[in-house]
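Hello,

Here is the structure for you to look through. My notes on it follow below.

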Amino acid sequence: MLELSSNTRVTELKDHSPAMLAALMSTGIFREGDNPDATIDELCWGFGLNPAILLQILARAQAAEVPSTIDISELDGMTLTQVVENIESSHHAYLRETLPVIGELIDRVVGVHGASDARLTDLQELFSNMMVGMESHMLHEEEALFPMVRDMENDGDIKPTRCGSAVGGPIACMENDHENVLLELARLRELTDDYAVPETACRTYRKMLEQLDQFNENTVVHVHKEDKVLFPGALKAQRALNGG
Ligand SMILES: [Fe+2]
Ligand SMILES: [Fe+2]
């Protein structure tokens, strides 16, 4: 992961992250053929833009960058209804079972080691916010988007849900939630040094890191399935339903 600062050069973005380079180019302050040795600071002030704003845009792009090794081939050939069922059983059920368990492990570790490591209390606060956000996000999917997808595929029509009867609105919200979750996962990795186990860690500490690592992995795949398969598929089905 590239450490971003106002002294980061465009050439470093090029080497480390196509997503960050694309995000930079989408702002229009750097174009093909411009000097790649320019720093973020130099680029921004040349256009009267506060570097802190660009750094935020780049950090979001980096967090959302999904490694190309994520394998979601298990979804190949599935109908959208089957994709929804796969997501509910492999990810939503996993989260409902595991989030409270991890939360409890973190509380125990903070109780013992929190006073000597401030990062653990940051981790506790971050994870507790993630738990609330993810439960509400899953409910949003289960009460709005998923029924719409099932209706489209099975009835050729959408019965109104809490988010109306078109998939575009909820999908825009969900994509935004996903970007935030990926940023939070990046922060979790940072706070745990990529889930590295300290030599002195007790059993509970080790278990906490192991479970957090699995949670990270499961969530990256979960988001990838929705962003890359379910959402585009649902939008396409909606267009077909509208005769487009
Ligand atoms: Fe989901
Ligand atoms: Fe989601």
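**Domains, cores and a helix pair**

The protein chain splits into domain 1 (10-65) and domain 2 (74-241), with bounds from an automatic or database domain assignment. Their C-alpha centres are 28 Å apart.

This is a predicted model: local features need pLDDT of at least 70, side-chain atom pairs count only at pLDDT 80 or more, and totals for chains, interfaces and linings use all residues. Residues are numbered from 1 along each chain as its sequence is written, while chains are lettered from A and ligands numbered from 1 in the order in which they are written.

The largest nonpolar core (buried Ala, Val, Leu, Ile, Met, Phe, Trp, Tyr and Cys residues joined through C-beta atoms within 7 Å) has 35 residues. Buried means that 20 or more other C-beta atoms lie within 10 Å of the residue's own, with C-beta atoms placed from the backbone. Met20, Leu24, Ile102, Ile106 and Met208 have the most contacts inside this core. H6 gives it the largest share, 6 residues; helices here are DSSP runs (H or I, at least four residues), numbered from the N terminus. Each of the two domains supplies at least three residues of the core.

Apart from it lies another core of 16 residues, including Val84 and Met148.

H6 and H7 pack with their axes 10 Å apart, at an angle of about 160°. The axes are lines fitted to C-alpha atoms over the stretch in contact, and angles run from 0 to 180 degrees between N-to-C directions. H6 and H7 are therefore roughly antiparallel (angles over 145 degrees).

Regards

Methods. A residue is buried if 20 or more other C-beta atoms lie within 10 Å of its own, exposed if 12 or fewer, and partly exposed in between; C-beta atoms are placed from the backbone. Helices (H or I, at least four residues) and strands (E, at least two) are DSSP runs, numbered from the N terminus. Angles under 35 degrees count as roughly parallel, over 145 as roughly antiparallel, 65 to 115 as roughly perpendicular and the rest as oblique.
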